[in-house]
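Open your viewer, set the side chains to sticks, and keep the selection box handy. We will go from stop to stop, with something to select at each one.

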Amino acid sequence: METNSIVLKEIRDTQAPEIRQVKQTYESAFPKEERRDFELVKALLNSDSRFHLRVLFRDSRYAGFITDWDFGEFHYAEHFAVDASQRNGGIGSQALKAYLASLNKPVVLEVELPNDDLSRRRIGFYERLGFQLDTHTYFQPPYRQRDAELEMRLMSYGPLHLEKNFEQVKQTLHKEVYGVNH
């Protein structure tokens, strides 16, 4: 394998050795209100063929993960994180480029509001990879009943125009990912 090569490997086995590392990265990279309990992630892997866990490797070493959903007309990248030990050096953009190249569909993701430097940099990162920031008001339903919904924004990659398809995409995410029926 060449130096700095990025490989994405889909994992469906919740007993795979990488699962422990994914759990650690997942829980350290996302605040509790922006993620489900990890046991529910594992349950989704066992029960819903639309839900995918793609583990990132750089030079054969664990480097992070992407969880996503395949909704037919588009993929929803729910969580993407590079392990703290592997950050910098362009691995995030290399990994996301490899992920996008592996799909033949548009991709949607949620981002925090551009209210601070970190969230603006994160949005800029996705924009440099070809994502477009949508301006509709969007609320991420809570992962837990007692939590509040979070105001966020959607970004899209590929030929999915959120200007026209926002309500359809929002309804799909709310119903299929968060279990909310309007």
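**Stop 1: a glutamate and its partners.** This is a predicted model. Begin by selecting E110 and Q140, whose side chains are joined by a polar contact of 2.7 Å. Add Y138 to the selection: its side chain makes a polar contact with that of E110 too, at 2.5 Å. If you show the backbone, you will find E110 in strand β5, which covers residues 107–112.

Now, which side chain of opposite charge is nearest to E110? Select R36 and draw the distance: it is 9.2 Å away, and E110, although buried, has no salt bridge. To see what surrounds E110, bring up the residues it touches beyond four places in sequence: Y76, Y138, Q140, M152, R153, L154, L173 and Y178.

**Stop 2: from R153 to E151.** R153, one of the residues touching E110, has a salt bridge with E151, where the closest N and O atoms are 3.2 Å apart. Colour the two by accessibility: R153 is buried at 15% relative accessible area, while E151 is partly exposed at 32%.

**Stop 3: a link across the sequence.** Next, select D70 and K105, whose side chains meet in a salt bridge of 2.8 Å, N to O. D70 belongs to strand β3 (residues 61–70) and K105 to the loop between α3 and β5, so this pair ties together parts that lie 35 residues apart in sequence. Both ends are partly exposed, D70 with a relative accessible area of 22% and K105 with 28%.

**Stop 4: helix α3.** Select residues 91–102 to show α3, a helix of 12 residues that reaches 16 Å from its first C-alpha to its last, close to the 16 Å expected. Which of its residues are buried? Highlight I91, G92, A95, L96, Y99 and L100. They cover an arc of only 160° around the axis, which puts them on the same side of α3. Turn to the other side and you will meet K97 and A101, which are exposed.

**Stop 5: helix α5 and a network.** Select E167 and K170, whose side chains form a salt bridge of 3.5 Å, N to O. The two are 3 residues apart in α5 (residues 162–177), about one helical turn. E167 is partly exposed at 44% relative accessibility, whereas K170 counts as buried at 18%.

Finally, select D48, R50, K175 and E176 together to see a network of salt bridges linking them. If you would like to keep exploring, the structure holds 16 salt bridges.

Methods:
Residues numbered from 1 in each chain as written. Predicted model: local features only at pLDDT ≥ 70, side-chain atom pairs only at ≥ 80, totals over all residues. Heavy atoms only, no water. Helix = DSSP H or I, 4+ residues; strand = E, 2+ residues; numbered from the N terminus. Expected span 1.5 Å × (residues − 1). Buried < 20%, exposed > 50% of the residue type's maximum accessible area, 1.4 Å probe, protein only. Arc of directions from axis to C-beta. Lys, Arg positive; Asp, Glu negative; His and termini not counted. Salt bridge = Lys/Arg side-chain N within 4 Å of Asp/Glu carboxyl O. Polar contact = N/O pair within 3.5 Å; in protein donor to acceptor, adjacent residues only side chain to side chain. Contact = heavy atoms within 4.5 Å.
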